[in-house]
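Reader: Could you take me closely through one part of this model, a surface patch, and then set it beside the other local features that deserve a careful look?

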Amino acid sequence: MPTIGDTVTRTKRLLSSNTRTELDAVETAISSAATTTLHLKYQTDGIRAGSYISVGSPTIGYETMYVHSRNGEYATVQRGVDGSTAMSSIDSGVDIEVEPRFSGHQIFEAVKDAIRALPENLFAVNVVEASFGTSDQAVAVTLSNGFIRILSATRTARSSEDRLLKFNVTMQEYNGTYKLVRQEGLEKAVTAYVTYAYPFVTSTLAITTDLLDDVKLSKEMQDIPALGAAASLVLGEESTRLDLHAAGDSRGDGALNPGDRMRYSMVLQGQYQRRISEEARRLMSQYGIRTDAASSAAYPTTLR
């Protein structure tokens with residue numbers, strides 16, 4: 001199943017275009033976050049004093065290191081720089097990206113921000129059951145991941161019918177406790193089936209967090225966080241033009257016209273908004289707009 005680590009890889013593809021980052025790999029496994037000597041497998045020339053390197057993978061996470069000095073196949077590094085955390089263990093063979101355009105940690109953080117920023121017109125869906133007696137006006141229900149709105153509600157049929165009936169209910173919440181409140185009379189005890197929307201689960205976003213099973217995105221939505229993360233990162237990169245130290249870098253700004261990064265960011269943002277609109281319309285097509293309830297399930301189909 002797709003993980004946040006997979007989304008980091010997808011975002012890298014959007015950011016890289018036709019350029020590729022110089023690579024090396026860890027030769028001798030690192031077993032402590034305090035280790036500052038890095039044994040290089042391929043002895044890449046680009047790893048030298050003053051370099052920033054990104055070490056990690058989509059399964060273990062990413063750490064940014066600063067190279068203080070280089071001695072042949074060994075480099076002395078500062079661990080966990082640029083807001084990253086020094087990993088307690090790094091296996092032999094793990095990739096080292098040399099002076100990447102964006103570090104793995106930067107992309108990981110941008111992906112998490114993009115997931116948390118998904119608008120409310122995209123949501124997860126679940127069903128809860130509740131049993132009502134004829135004297136029960138409200139029944140407590142357990143909604144582990146919160147609540148946005150009721151999408152549909154049905155109840156068991158009358159004795160002379162063999163189909164479910166529409167059921168008019170609302171959801172009330174107080175201090176984390178949810179109650180399903182009926183808005184119509186009952187002729188007998190019934191079981192209610194309520195399909196409801198709830199927020200994506202973003203309390204824990206680790207590199208191995210599953211977008212479908214853990215965050216609760218639908219399989220159709222898994223490309224959206226990468227688009228949002230890439231747009232944000234490219235827009236921020238435009239500010240590097242203010243750095244005079246990059247003036248002589250032929251691989252960098254000299255090959256780009258002013259504003260090219262911003263224009264590409266706008267393309268990514270446009271695609272991001274288009275995908276959100278498409279998914280919002282898909283949800284509306286699947287669940288409709290509930291107009292007969294005390295709490296309407298109407299929602300917009302464009303990003304606000």
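**A nonpolar surface patch and its setting**

Author: In this predicted model, L235, M262 and M266 together form a nonpolar patch on the surface, with a joint accessible area of about 300 Å². Of these residues, L235 belongs to helix α3, which covers residues 224-237, and L235 counts as partly exposed because its relative accessibility is 44%, a value that falls between the 20% and 50% limits of that class.

The loop that lies between β13 (190-198) and α3 contains K216, whose phi is near 80°, a positive value in a residue other than glycine. Most residues other than glycine have a negative phi. K216 is partly exposed, with a relative accessible area of 30%. A positive phi, of about 55°, is also found at N175, which is not a glycine either; N175 sits in the loop between β11 (169-174) and β12 (177-182), and with a relative accessible area of 69% N175 is exposed.

Turning to the strands, an open sheet is built from six of them, in the order β1-β6-β3-β4-β5-β2, with antiparallel pairing. Its edges are β1 (22-25) and β2 (37-39), each of which pairs on one side only, and neighbouring strands of the sheet are turned against each other by 40° on average, direction ignored. Within this order, strand β3 (residues 52-57) pairs with strand β4 (residues 61-71) in the antiparallel sense over six bridges, and S57 stands opposite G61 in β4.

Methods: Residues are numbered from 1 along each chain as its sequence is written. This is a predicted model: local features need pLDDT of at least 70, side-chain atom pairs count only at pLDDT 80 or more; totals for chains, interfaces and linings use all residues. Side-chain values use heavy atoms; hydrogens and water are left out. Patches are made of residues with over 30% relative accessible area and no salt bridge: like charges are joined within 9 Å, nonpolar side chains (Val, Leu, Ile, Met, Phe, Trp, Tyr) within 5 Å. Accessible areas come from the Shrake-Rupley method with a 1.4 Å probe; for residues, only the protein chains shown count as cover. A salt bridge is a side-chain nitrogen of Lys or Arg within 4 Å of a carboxyl oxygen of Asp or Glu. Helices (H or I, at least four residues) and strands (E, at least two) are DSSP runs, numbered from the N terminus. Buried means under 20% relative accessible area, exposed over 50%, partly exposed in between (1.4 Å probe, protein chains only). Two strands pair if DSSP finds at least two bridges between them. Axes are lines fitted to C-alpha atoms, for helices over the stretch in contact, and angles run from 0 to 180 degrees between N-to-C directions.
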